[in-house]
Amino acid sequence: MSQPFLTSMKDTLLEEHNLSRTENGAFGYRTTGKELLDLNFAVSSLRREMPQEIQNRFWKAYYEAPVLAVKWLFFARDIRGGMGERRLFRVLLSVLANEKPEVARPCCPWFRNTVDGMTCGPCWEHPCIKTY
């Protein structure tokens with residue numbers, strides 16, 4: 001049974017309290033309402049964040065859209081067509097490999113002998129992973 005009143009009330013409250021001021025004094029939104037989009041726009045500020053904060057933001061995006069979050073993770077690491085974020089990728093790939101090895105294992109078997117792959121630890125000790 002859905003509760004339309006509570007859903008409507010939640011949406012209204014989130015919409016009303018989503019306003020903020022920018023550094024220039026203009027009005028803006030605190031969030032886009034999509035965790036992955038918020039994470040994408042926060043990448044440059046995550047360079048100085050602790051790994052736990054990066055992980056918390058990624059898990060929110062992952063639980064909202066798992067496939068897109070993993071695709072975004074590889075986009076963030078891509079040096080040419082993406083953002084080239086090494087630290088962010090290593091932090092998130094290691095936590096993804098430890099928490100969700102069934103997701104990380106098929107995505108990146110070619111990382112085993114690279115610095116990025118060494119952060120994954122026990123995820124790569126699976127017989128289906130090839131060493132290139």
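From the N terminus on, the elements of this chain run α-β-β-α-α-α-α-α-α-α. That order holds eight helices and two strands. The model is a predicted one. The chain has 132 residues, and buried residues make up 32% of them. It exposes about 9,200 Å². Carbon and sulfur atoms supply 56% of that area. Take the contacts between residues at least 6 apart in sequence: 42% of them join residues at least 24 apart.

Start inside. The largest nonpolar core has 24 residues. Those with the most contacts inside this core are Leu39, Phe58, Tyr62, Trp72, Leu88, Leu92 and Leu96. Several helices contribute. Two or more residues each come from α2 (35-41), α3 (43-46), α4 (51-64), α5 (66-77), α6 (86-99) and α7 (101-107). Helix α6 gives the largest share, eight residues.

Leu96 serves as an example from the core. Which residues does Leu96 touch, not counting those up to four places away in sequence? The list holds Phe58, Trp59 and Tyr62, then Val70 and Leu73, and finally Pro101, Val103 and Ala104. Two of these partners, Phe58 and Tyr62, are also named with Leu96 among the residues with the most contacts inside the core.

Next, the pairing of α4 with α5. Two packed helices are described by the angle between their axes and the distance between the axes. Here the axes come within 5 Å and cross at roughly 135 degrees. An angle of that size makes α4 oblique to α5. On the α4 side, the meeting residues are Phe58, Ala61, Tyr62 and Glu64. On the α5 side, they are Pro66, Ala69, Val70, Trp72 and Leu73. What is the character of this contact, counted as nonpolar, polar and charged residues? Eight residues are nonpolar, none is polar and one is charged.

Glu64 deserves a closer look. This residue lies in helix α4 and takes part in the meeting with α5. Is Glu64 buried, partly exposed or exposed? Its relative accessible area is 39%, so Glu64 is partly exposed. Leaving aside neighbours within four places in sequence, Glu64 is in contact with Gly33, Lys34, Glu35 and Leu36. One of these partners, Glu35, is 29 residues apart from Glu64 along the chain. Their C-alpha atoms are separated by 7.2 Å.

A second glutamate, Glu85, sits in another setting. Glu85 has its place in the loop between α5 and α6. With a relative accessible area of 9%, under the 20% cut-off, Glu85 counts as buried. What surrounds Glu85, leaving aside its neighbours within four places in sequence? Val43, Arg47, Ala76 and Arg77 are in contact with Glu85.

Methods. Residues numbered from 1 in each chain as written. Predicted model: local features only at pLDDT ≥ 70, side-chain atom pairs only at ≥ 80, totals over all residues. Heavy atoms only, no water. Core = buried A, V, L, I, M, F, W, Y, C linked by side-chain atoms within 4.5 Å. Buried < 20%, exposed > 50% of the residue type's maximum accessible area, 1.4 Å probe, protein only. Helix = DSSP H or I, 4+ residues; strand = E, 2+ residues; numbered from the N terminus. Contact = heavy atoms within 4.5 Å. Axes fitted to C-alpha atoms, helices over the stretch in contact; angles between N-to-C directions. Parallel < 35°, antiparallel > 145°, perpendicular 65-115°, else oblique. Nonpolar A, V, L, I, M, F, W, Y, C, P; charged D, E, K, R; others polar. Areas by Shrake-Rupley, 256 points an atom, 1.4 Å probe, with all protein chains shown as cover.
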